[in-house]
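Below are some remarks on the model you sent. Please read them with the coordinates open.

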Amino acid sequence: MTAEGRTPRVRPLLARLARFTGRTLWGEWHAVVVDPVRRLARRGLSGLLLAFVAASGVVFFHDIAQHPTGALWVERLGGVRAELPLWLSLLRTPVSLYVPALDLPVWAGITQLFLAFALAELTLGRARTLVIAYATTLAGTLTARLMIALGPGWWGFGLPPEAGQVLDTGPSAAVVGLFTYFSVVRRAPVVFTLTGGSMVWESIAVPNLAGREHLIAVAAALLLGLLSGRGGRFRSAVRSLWPARRRPSRTPPPAPGPTPAADRPGNARTKVPAHCLERQAGR
């Protein structure tokens with residue numbers, strides 16, 4: 001087939017691709033920029049409470065950690081290592097979200113942190129934002145402990161025991177988890193490519209403990225995003241597995257109607273025997 005014969009077939013495909021790309025970008029622009037800006041104008045700065053708290057917390061702990069005594073207290077409050085007991089790691093995990101990682105620039109990550117919490121709070125709400133941020137961070141922390149417990153090997157999944165001494169802090173897992181969940185729920189492939197996709201590529205290029213936790217955070221956020229809005233279907237499916245129970249009828253009994261006059265006390269008709277009627281007829 002000549003090039004002139006292929007051209008009429010290629011043009012409709014390119015036109016469809018261009019329309020699909022335009023609709024996707026236009027929808028993402030409204031989901032990522034227009035809708036959050038409208039909600040911010042309606043709610044005011046109170047809609048950015050979590051974003052301000054998260055950014056201020058990171059700056060606060062960063063400034064305290066610049067002094068030896070402050071660094072000691074910051075590590076005691078939010079320093080998480082896989083070699084610590086599980087209960088202590090769980091107790092320090094909420095504070096570790098505000099403790100900046102040692103090998104990452106603090107001020108460069110503040111913008112991403114603020115933007116992630118701002119978009120999530122405006123579009124998802126405060127409660128769901130906190131749940132997603134903590135769940136993705138906790139998933140990365142617990143999976144890192146599992147990797148270290150398995151040891152080296154396991155097709156590259158396990159980690160050596162020395163990784164348990166690495167300080168595991170920072171809000172990066174929560175940030176990538178929020179961006180990923182937001183991208184799935186709001187159908188924003190460009191945001192996912194720039195945030196979650198870049199984290200995946202960075203984790204593959206630099207396979208360290210933090211990179212693996214970022215991969216786990218992305219996977220957990222993807223799963224939570226796909227399950228979002230399907231809670232009712234999931235509960236219905238679970239209920240269908242259990243045998244149906246017969247519930248007692250809640251219909252009230254019918255109200256008693258008025259008593260007939262013949263059945264009322266004092267008005268009952270007396271049935272006359274047959275032999276009495278014959279006597280009365282003979283008279």
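The points below deal with a helix pair, two of its residues, and then a loop and the helix after it.

1. The model is predicted, and the remarks that follow should be read with that in mind.

2. Start with the pairing of α4 and α6. Helix α4 covers residues 86-96, and helix α6 covers residues 126-150. The two pack at an angle of about 150°, and their axes are 11 Å apart. An angle over 145 degrees counts as roughly antiparallel, so α4 and α6 are roughly antiparallel to each other. Their crossing is right-handed. On the α4 side the contact is made by L86, S89, L90, T93 and P94; on the α6 side it is made by Y134, T137, L138, L142 and R145.

3. T137, in helix α6, is buried, because its relative accessible area is 7% and the limit for buried is under 20%. Leaving aside neighbours within four places in sequence, T137 is in contact with T93 and L97, and also with A173 and A174. Of these partners, T93 is among the α4 residues that make the helix contact, while A173 and A174 fall in α7, which spans 172-186.

4. R145 deserves a check. This residue of helix α6 is buried yet has no salt bridge. Which side chain of opposite charge is nearest to R145? That side chain is D168, and it is 8.3 Å away, whereas a salt bridge needs the charged atoms within 4 Å. Apart from neighbours within four places in sequence, R145 is in contact with R81, A82, L84, P85, L86 and S89. L86 and S89 are also listed among the α4 residues in the helix contact.

5. R187 lies in the loop between α7 and α8. Its phi is positive, about 55°, although R187 is not a glycine. Most residues other than glycine have a negative phi, so the backbone here merits a second look. R187 is exposed, because its relative accessible area of 72% is over the 50% limit.

6. F192 belongs to helix α8, residues 189-205. Is F192 buried or partly exposed? At 26% relative accessibility, F192 counts as partly exposed. Its C-alpha atom is separated by 8.9 Å from that of Y181, with the two residues 11 apart along the chain. Leaving aside neighbours within four places in sequence, the contacts of F192 are T180, S183, G197, V218 and L222. T180 and S183 fall in the range of α7, 172-186, and G197 falls in the range of α8, 189-205.

Technical notes:
Residues numbered from 1 in each chain as written. Predicted model: local features only at pLDDT ≥ 70, side-chain atom pairs only at ≥ 80, totals over all residues. Heavy atoms only, no water. Helix = DSSP H or I, 4+ residues; strand = E, 2+ residues; numbered from the N terminus. Buried < 20%, exposed > 50% of the residue type's maximum accessible area, 1.4 Å probe, protein only. Lys, Arg positive; Asp, Glu negative; His and termini not counted. Contact = heavy atoms within 4.5 Å. Axes fitted to C-alpha atoms, helices over the stretch in contact; angles between N-to-C directions. Parallel < 35°, antiparallel > 145°, perpendicular 65-115°, else oblique. Left-handed = near helix turned anticlockwise from the far one by under 90°.
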